[in-house]
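I set out to keep a short notebook on one protein chain. The entries below record what I looked up, place by place.

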Amino acid sequence: MPGTVTMYSTTWCGYCRRLKGQMDREGIAYTEINIEQDPDSAAFVEKANGGNQTVPTVQVVPADGGAEVVMTNPSLAQVKQALGVA
């Protein structure tokens with residue numbers, strides 16, 4: 001799968017579980033970071049979401065050197081589009 005996907009999540013987030021399951025079924029590799037255990041990641045999520053710790057926040061870096069994309073509660077289609085595989 002081209003590019004890298006990082007999902008910022010929490011253990012209790014149902015939207016995070018749903019998106020992880022969808023990406024697993026599609027074979028999209030990702031790194032998951034629990035913002036409750038990583039203060040630096042929590043700060044990144046807050047900055048991306050106007051001061052809120054909204055999850056899932058997903059960061060996609062395309063393999064082709066394109067611009068990084070940060071999305072809040074994206075659909076699977078949005079993640080695939082950011083990766084260039086839609």
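**Entry 1. Gln59**

With which side chain does the side chain of Gln59 make a polar contact at 2.7 Å? I looked this up in the model, which is a predicted one, and found that the partner is the side chain of Glu68. I then noted a polar contact between the side chains of Gln59 and Tyr8, at 3.1 Å.

I located Gln59 in strand S3, which covers residues 57-61. Is Gln59 buried or exposed? I recorded a relative accessibility of 13% for Gln59. Buried means under 20%, so Gln59 counts as buried.

I also listed what Gln59 touches, leaving out residues up to four places away in sequence: Thr4, Val5, Thr6, Tyr8, Phe44, Glu68, Val69 and Val70. Both partners in the polar contacts appear in this list, namely Tyr8 and Glu68.

**Entry 2. Thr57**

I stayed in strand S3, where Thr57 is also placed. The relative accessibility of Thr57 is 0%, so I entered Thr57 as buried.

What does the side chain of Thr57 reach at 2.6 Å? I found that the side chain of Thr57 reaches the backbone oxygen of Thr54.

Setting aside neighbours within four places in sequence, I wrote down the contacts of Thr57 as Thr6, Met7, Tyr8, Val45, Ala48, Asn49, Val70, Met71 and Thr72.

**Entry 3. Thr6**

Thr6 is in the contact list of Thr57 and in that of Gln59, and I therefore looked it up next. I placed Thr6 in strand S1, residues 4-9. Thr6 counts as buried, because its relative accessibility is 14%.

How far apart are Thr6 and Val58 in sequence and in space? I noted 52 residues along the sequence and 5.7 Å from C-alpha to C-alpha.

Beyond four places in sequence, I found Thr6 in contact with Thr31, Ile33, Thr57, Val58 and Gln59.

**Entry 4. Two entries on the backbone**

Which peptide bond is cis, with omega near 0°? I recorded the bond from Val55 to Pro56. I located Pro56 in the loop between helix H2 (39-48) and strand S3.

I then turned to Asn73, which lies in the loop between strand S4 and helix H3. The phi angle of Asn73 is near 45°, a positive value in a residue that is not glycine. With a relative accessible area of 31%, Asn73 is partly exposed.

**Entry 5. The loop between S3 and S4**

I looked up two residues here. Pro62 is found in the loop between S3 and strand S4 (69-72), and Ala63 is found in the loop between S3 and S4 too.

Which of the two categories, buried or exposed, applies to Pro62? I entered Pro62 as buried, because its relative accessible area is 12%. For Ala63 I recorded a relative accessible area of 59%; the cut-off for exposed is over 50%, so Ala63 is exposed.

Not counting residues up to four places away in sequence, Pro62 touches Gly3, Ala67, Glu68 and Ala82. With the neighbours within four places likewise left aside, I found Ala63 in contact with Pro2 and Gly3. Gly3 thus stands in the list of Pro62 as well as in that of Ala63.

I added two C-alpha separations. Pro62 and Ala77 are 15 residues apart along the chain and 15 Å apart in space. Ala63 and Leu19 are 44 residues apart along the chain, with 21 Å between their C-alpha atoms.

**Entry 6. Helices H1 and H3**

At roughly what angle do the axes of helix H1 and helix H3 cross? I noted roughly 55° for H1 (residues 14-26) and H3 (residues 76-83), whose axes come within 10 Å. I therefore described H1 and H3 as oblique to each other. The crossing in which H1 passes H3 is right-handed.

I listed the residues that make the contact: Leu19, Gln22, Met23 and Glu26 from H1, with Leu76, Val79 and Lys80 from H3. How many residues of this contact are nonpolar, polar and charged? I counted 4 nonpolar, 1 polar and 2 charged.

Note on methods: Residues are numbered from 1 along each chain as its sequence is written. This is a predicted model: local features need pLDDT of at least 70, side-chain atom pairs count only at pLDDT 80 or more; totals for chains, interfaces and linings use all residues. Side-chain values use heavy atoms; hydrogens and water are left out. Helices (H or I, at least four residues) and strands (E, at least two) are DSSP runs, numbered from the N terminus. Buried means under 20% relative accessible area, exposed over 50%, partly exposed in between (1.4 Å probe, protein chains only). A polar contact is a pair of N or O atoms within 3.5 Å; within protein, one must be able to donate a hydrogen and the other to accept it, and residues adjacent in sequence count only if both atoms are side-chain atoms. Contact means heavy atoms within 4.5 Å. Axes are lines fitted to C-alpha atoms, for helices over the stretch in contact, and angles run from 0 to 180 degrees between N-to-C directions. Angles under 35 degrees count as roughly parallel, over 145 as roughly antiparallel, 65 to 115 as roughly perpendicular and the rest as oblique. A crossing is left-handed if the near helix is turned anticlockwise from the far one by less than a right angle, and right-handed if clockwise. Ala, Val, Leu, Ile, Met, Phe, Trp, Tyr, Cys and Pro count as nonpolar, Asp, Glu, Lys and Arg as charged, and the others, Gly among them, as polar.
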